[in-house]
Amino acid sequence: MKPEDDRHADLAAKLRAAKRAVIFTGAGISTESGIPDFRSRDGIWTKMAPIDFADYLASVEMRREAWRRRFAMDAMFAGAKANRGHQAVAALVRRGTVFCVITQNIDNLHQDSGVPENKIVELHGNTSYAKCLSCNLRVEFEPIREYFTQHGDAPDCPACGGLLKTATISFGQAMPEREMARAQAAARGCDLFVVLGSSLVVYPAAEVPVLAVRQGAELVIINREPTPLDDLAGLVLHAGIGDTLDGAVRAL
Ligand code: NAD
């Protein structure tokens, strides 16, 4: 592995040369905030299989289980703070180097680090609030948690009576069209596309970096482990995100 200073310098050089960069994040950027990723050995999936969207719709038991799991993770999500990686991304947005942050994460930590909402594209939604699956109304967790504690079930939508669900995209659920279109437009319009902490195996999200490369952007990947797109990248750093990105941003 290259010495740390070289890695920072290589990455800083790419960032310095970029006119319109995009950052694309996955669960790996938030592990340093105490939120486990999906595929590492201590990841969430190794402990429990995800609930498919069809099962959520079909079964009251599955919906109860989904809410039980979500509320069991309250302390973890509420206690998580944006880390050095998130702060470095926010600094790149403030400098004007990065015009769009596309995230597969649902933890709200890019917003918490100060990236403006209009520069964030959430491909898989957000787990800090709920939405009605029929009328799309945003519903905060507090009344849902209270109802769940009393009845062991979530309430129906207060506006239309539809099913409420955390505002995340489950397996089998349609991708949010507007967010996908925004992500694709950003990929088409960038000259540098930086992936931070994603195994790049979840589709269609993992198509977005490929689109950027096809349109002529340079790809940079920072991930502890190899990914299927490493061969497409001009720079691959198998290293921790916090140290690496923070070091590069300080070297700018
Ligand atoms: P993933 O778990 O498939 O991959 C994460 C990758 O990050 C792994 O390859 C791992 O080696 C790497 N990694 C972990 N910590 C790192 C660090 N500190 N520095 C560098 N690399 C690190 O995650 P994914 O690609 O985002 O796909 C999984 C799906 O899981 C996403 O759709 C996302 O919505 C969801 N998810 C989100 C969160 C969150 O919001 N924080 C947490 C778990 C899962």
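A residue is buried if its relative accessible area is under 20%, exposed if over 50%, and partly exposed in between (1.4 Å probe, protein chains only). The views show a predicted model, in which local features need pLDDT of at least 70 and side-chain atom pairs count only at pLDDT 80 or more, while totals for chains, interfaces and linings use all residues. Residues are numbered from 1 along each chain as its sequence is written, and side-chain values use heavy atoms, with hydrogens and water left out.

**View 1. F24 and F193 form an aromatic pair.**
Five aromatic pairs are found in a search of the whole structure (rings of Phe, Tyr and Trp, the last by its six-membered ring, with centres within 6.5 Å; planes under 30 degrees apart are stacked, over 60 edge-to-face, the rest tilted). In the pair of F24 and F193, the ring centres are 5.7 Å apart and the planes meet at 40 degrees, a tilted arrangement. F24 belongs to strand β1 (residues 21-25) and F193 to strand β7 (residues 192-196), so the pair ties together parts that are 169 residues apart in sequence. Strands (E, at least two residues) and helices (H or I, at least four) are DSSP runs, numbered from the N terminus. F24 has 0% relative accessibility and therefore counts as buried. F193, with a relative accessible area of 0%, is buried too.

**View 2. The rings of F71 and F141 are edge-to-face.**
The ring centres of F71 and F141 lie 6.0 Å apart with the planes at 80 degrees, which makes the pair edge-to-face. F71 is in helix α3 (residues 60-72) and F141 in helix α7 (residues 141-151), so that distant parts of the chain, 70 residues apart, are linked. Both F71 and F141 are buried. Together with W67 and F148, these two residues make up one aromatic cluster.

**View 3. Two arginines each have their charged end over an aromatic ring.**
A charge sits over a ring if NZ of Lys or CZ of Arg is within 6 Å of the ring centre and within 35 degrees of the ring normal. The charged end of R20 is placed in this way over F99, at 3.9 Å from the ring centre. For R138 the ring is that of Y129, and the distance to the ring centre is 3.6 Å.

**View 4. N83 caps the N-terminal end of helix α5.**
Helix α5 covers residues 84-95, and its end C-alpha atoms are 16 Å apart, which agrees with the 16 Å that its twelve residues should span (1.5 Å times one less than the number of residues). At the cap, a side-chain oxygen of N83 lies 2.7 Å from the backbone nitrogen of G85. The buried residues of α5 are G85, H86, A88, V89, A90, A91, L92 and V93. Just beyond α5, G96 has a positive phi of about 90 degrees.

**View 5. S33 meets N83 from the loop between β1 and α2.**
S33 is placed in the loop between β1 and α2 (53-58). With 15% relative accessibility, S33 counts as buried. The side chains of S33 and N83 are joined by a polar contact of 2.9 Å (N or O atoms within 3.5 Å, one able to donate a hydrogen and the other to accept it; sequence neighbours count only through side-chain atoms). Not counting residues up to four places away in sequence, S33 touches A80, K81, A82, N83, H86 and L109 (heavy atoms within 4.5 Å).

**View 6. Three strands form an open antiparallel sheet.**
The order of the strands is β5-β4-β6. β5 and β6 are the edge strands, as each pairs on one side only. Strand β4 (residues 125-132) has six of its eight residues buried. β4 pairs antiparallel with strand β6 (residues 164-168) over five bridges (pairing needs at least two DSSP bridges), and K131 stands opposite K165 there. On the side of strand β5 (residues 138-139), two bridges join the antiparallel strands, and K131 stands opposite R138. The hairpin of β4 and β5 has five residues between the strands, and N136 takes a positive phi near 70 degrees.

**View 7. A49 lies in the loop between β1 and α2.**
A49 counts as exposed, at 54% relative accessibility. A49 and P176 are 127 residues apart in sequence, and their C-alpha atoms are 23 Å apart in space.
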